[in-house]
Amino acid sequence: MAETPEPSPVLTDTRELLLGYLDHNATAILRKLDGLSEIDLRRSTLPSGWTPLGMIKHLACTERLWIRHMFGGEHVDFSWPGTAEQEWRVGAGEPTAGIIAFFHRERENCADLVATTPLDALAARTTRRGGVEEHPTLAWILFHLAQSFARHAGHLDVSRELLDGVTGK
């Protein structure tokens, strides 16, 4: 998979920076799956039990939650994958291509929303932080997603090294 480069260090447009880092991190995450067998995509190397493919499912669910449900106020069907614990698990009947397509669809939903929405726009739903309910801004949600993607890309680095010894991919 071709890498989306990190945004330019002289870029000052906040929208371009946020989308650039989300895209950069998303392609890095997917690239870390390249070369893994179907067995390794579904194999955990950690006591918590998550798998590389489960991480992709989790990140798609996270983006769907924040962009479509929280920000857009959409009534998202949470019966799949179910609970927060289940979004990390990949069932035998869940095809890899379907989970990757789900990830791409949620990335597209995000890009479509961000292209037409002011960064200071408030989410339809509130989040509770420190005991206070607040409507986060789109900018806050995008920063939250970018740091989450970056953190989980690091987790996938470790998982990949434990699975097959590949580093720096």
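The following paragraphs lead through a predicted model, beginning with one helix and moving outward to its partners, the nonpolar core, the cysteines and several individual residues.

Helix H4 is a convenient starting point. This helix runs over residues 96–116 and so comprises 21 residues. From its first C-alpha to its last, H4 reaches 31 Å, close to the 30 Å expected at 1.5 Å a residue. Its buried residues are Thr96, Ile99, Ile100, Phe102, Phe103, Glu106, Arg107, Cys110 and Val114. These residues lie on the same side of H4, because they cover an arc of only 155° around the axis. The face turned away from that buried side carries the exposed residues Ala97, Asp112, Ala115 and Thr116. What do the buried residues of H4 pack against? Their partners are helix H1 (14–31), helix H2 (38–41), helix H3 (52–71) and H5.

The nonpolar core comes next. The largest such core in the model has 40 residues, and Ile56, Phe103 and Leu142 are those with the most contacts inside it. Helices H1, H3, H4 and H5 each supply at least two residues of this core. Phe103 illustrates how these contacts are distributed. With neighbours within four places in sequence left aside, Phe103 is in contact with Ala26, Leu30, Ile56, Leu59, Ala60 and Phe149.

The last of these contacts deserves closer attention. The structure holds 3 aromatic pairs, and one of them is formed by Phe103 and Phe149. Their rings are stacked, at 6.0 Å centre to centre and with 25° between the planes. This pair links distant parts of the chain, since Phe103 belongs to helix H4 and Phe149 to helix H5, 46 residues apart. Both Phe103 and Phe149 are buried.

The cysteines can be considered next. In general, a disulfide is a covalent bond between the sulfur atoms of two cysteines. How many disulfides does the model contain? The count comes to 0. Cys61 is in no disulfide, and the nearest cysteine sulfur to its own, that of Cys110, is 15 Å away. A disulfide requires the two sulfur atoms to be within 2.5 Å, so the separation of 15 Å between Cys61 and Cys110 excludes this pair. Cys110 is likewise in no disulfide, with Cys61 providing its nearest cysteine sulfur. Both cysteines are nevertheless buried: Cys61 has a relative accessibility of 4%, and Cys110 has one of 0%.

Two residues with hydroxyl side chains may be followed in the helices H3 and H5. Thr62 has its place in helix H3. Its relative accessible area is 10%, and because buried means under 20%, Thr62 counts as buried. Residues up to four places away in sequence not being counted, Thr62 touches Glu87 and Leu145. Ser159 lies in helix H5, which spans residues 138–164. Ser159 is also buried, with a relative accessible area of 1%. Beyond its neighbours within four places in sequence, Ser159 is in contact with Thr45, Trp50 and Pro52.

The account ends with the segment after H5, where Val166 is found. Is Val166 buried or partly exposed? Val166 is partly exposed, with a relative accessible area of 28%. Its contacts, leaving aside neighbours within four places in sequence, are with Arg160 and Glu161. Val166 and Lys32 are 134 residues apart in sequence, yet their C-alpha atoms are 9.1 Å apart in space.

Notes
Residues numbered from 1 in each chain as written. Predicted model: local features only at pLDDT ≥ 70, side-chain atom pairs only at ≥ 80, totals over all residues. Heavy atoms only, no water. Helix = DSSP H or I, 4+ residues; strand = E, 2+ residues; numbered from the N terminus. Buried < 20%, exposed > 50% of the residue type's maximum accessible area, 1.4 Å probe, protein only. Contact = heavy atoms within 4.5 Å. Expected span 1.5 Å × (residues − 1). Arc of directions from axis to C-beta. Core = buried A, V, L, I, M, F, W, Y, C linked by side-chain atoms within 4.5 Å. Phe/Tyr/Trp six-rings, centres within 6.5 Å; stacked < 30°, edge-to-face > 60°.
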